[in-house]
Amino acid sequence: MRLRLGRTLITAAAMVVTASSVAHSDAVEGVDLVINEDITLVTRAAPPASLDGALPEILSGWLFREGETRAMEMDDFSNPAMVFVDQGMDMWNKVDGTEGKSCASCHEDISSLKASRASMPKMNEKGDDLWSMENFINNCRTTRMGAEEWKWSGDDMKNMTAAISMAGRGELVHPKIDGAAADWWQKGKDLYYTRFGQLELSCASCHEKNYGHMIRADHLSQGQLSGFPVYRLKDAGLVSIQQRFKGCVRDTRAETFKEGSPEFRALELYVASRGDGLSVEGVGVRP
Amino acid sequence: MQSRVMLGLTLATLAALPAAAQTAPADVVFNEGAIETSLTGAPGDAAEGAKVMASRAMGNCVACHVVTAMPEASFQGNVGPALDGAAGRWSEAQLRGIVANAKMTFDGTVMPAFYKTEGYIRPGDAYTGKAPTGPLPPILDGTQIENVVAYLMTLKD
């Protein structure tokens, strides 16, 4: 309560510098995410109606990182994730499985999947399940290529989702949350506000009530998905969306859900919808 | 593994002690958020309490609170208010209540309850992400709570 009030006041009077703890650690102001001095991405947007006033503005995780980390994401030569994007592109063109096909055999240029990242997760073709990008990829591999499934957060899978996200860079996040997806969305929303674990913290405890604050060494963001998969400097590798969820749930001293579980797919839809209107960034860089 | 077994043994030993030795989490009586009597029946050790507050493996209070008197605790967070001068704002009994279960003082607060063992949703085995293999100990035991309270009582204006 106190914290939310503090933030509202600052937004209302953006010029007034207060001594409050909010002021020195909120999202960075006056910067734009322009990649390769060419592509301007949306990192701040008006909240979607579905958020029902829960956030005054939606903010990319990029805005909560230090200048050096932000700069790495602004230039594909300095973005360490691009090596993995290249590896994903190699896999895109690589024939695998009993059918003698690659992804490119059916989809041709990866730009054909330009709209994909911004729409995920979404109902499958049959309309009986909500799928993350990982599910769609594995479905292509098993039913169309006769190839083995990839592990949810295995290297091949993360490289491929990174390549597809890059193809969708600049598209505005806009998952479908009505129709058959509505129940999934509601389930995801319930999970988002559930206070899990021995620390009894929900996603909202950290990413809605307290974004902009420091929790020990970490500057809390809104936990948006627009930069995913992200490159994490600490791990020197890519992090998938649900790998991040797992880490956050574990940090509440809770028993986590499994990557690919119905719970995490529902949560992914809900969290994605909270970022409706932000640009897909391709691959973000995080500390 | 070994340490978990040890912990289990310690708890079993504690449980076997006469009830007067330490008030079990379930038996704590809150009076408008405050706990009047020491959980151990003895005063705490402020220096030990400072360690509990700074350590990630124990209280990790500085994850959310600034304590200016504790500059050696790196990366102090600001999710909660600074604890400077806490003893000027709260009595010892109130501080004991806040540390044991802050939800009894601040309705719905994000501050975790450190002396509680049930009522959790999907509790895990500490930070492993796995289900617990037995009953959960509170995050801090009664002695650690009393030590933290003793330290907080040194934070005068």
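**View 1. Aromatic pairs in a predicted model.** Across all chains, the structure holds ten aromatic pairs. One of them joins Tyr192(A) and Tyr193(A) in an edge-to-face arrangement, with 5.3 Å from centre to centre and 70 degrees between the planes. Keep in mind that you're looking at a predicted model.

**View 2. Two tyrosines, Tyr192(A) and Tyr193(A), and their surroundings.** Tyr192(A) is buried, because its relative accessibility is 2% and the cut-off for buried is under 20%. Tyr193(A), on the other hand, has a relative accessible area of 33%, so this tyrosine counts as partly exposed.

**View 3. Phe245(A) meets Phe264(A) edge-to-face.** Here the ring centres are 5.6 Å apart and the planes make an angle of 70 degrees. Phe245(A) belongs to helix 11 (residues 241-250) and Phe264(A) to helix 12 (residues 262-274), both of chain A, so this pair ties together parts that sit 19 residues apart in sequence. Both rings belong to buried residues: Phe245(A) has 9% relative accessibility, and Phe264(A) has a relative accessible area of 1%.

**View 4. A cluster of rings.** Our two tyrosines turn up again here: ring pairs link Tyr192(A) and Tyr193(A) with Trp185(A) and Tyr270(A) into a cluster.

**View 5. Charged ends over rings.** Rings can have charged company too, and here are two examples. Arg141(A) has its charged end over the ring of Trp150(A), 4.0 Å from the ring's centre. Lys122(A) places its charged end over the ring of Phe136(A), and here the distance to the centre is 6.0 Å.

Notes: Residues numbered from 1 in each chain as written. Chains lettered and ligands numbered in written order. Predicted model: local features only at pLDDT ≥ 70, side-chain atom pairs only at ≥ 80, totals over all residues. Heavy atoms only, no water. Phe/Tyr/Trp six-rings, centres within 6.5 Å; stacked < 30°, edge-to-face > 60°. Buried < 20%, exposed > 50% of the residue type's maximum accessible area, 1.4 Å probe, protein only. Helix = DSSP H or I, 4+ residues; strand = E, 2+ residues; numbered from the N terminus. Lys NZ or Arg CZ within 6 Å of the ring centre and 35° of its normal.
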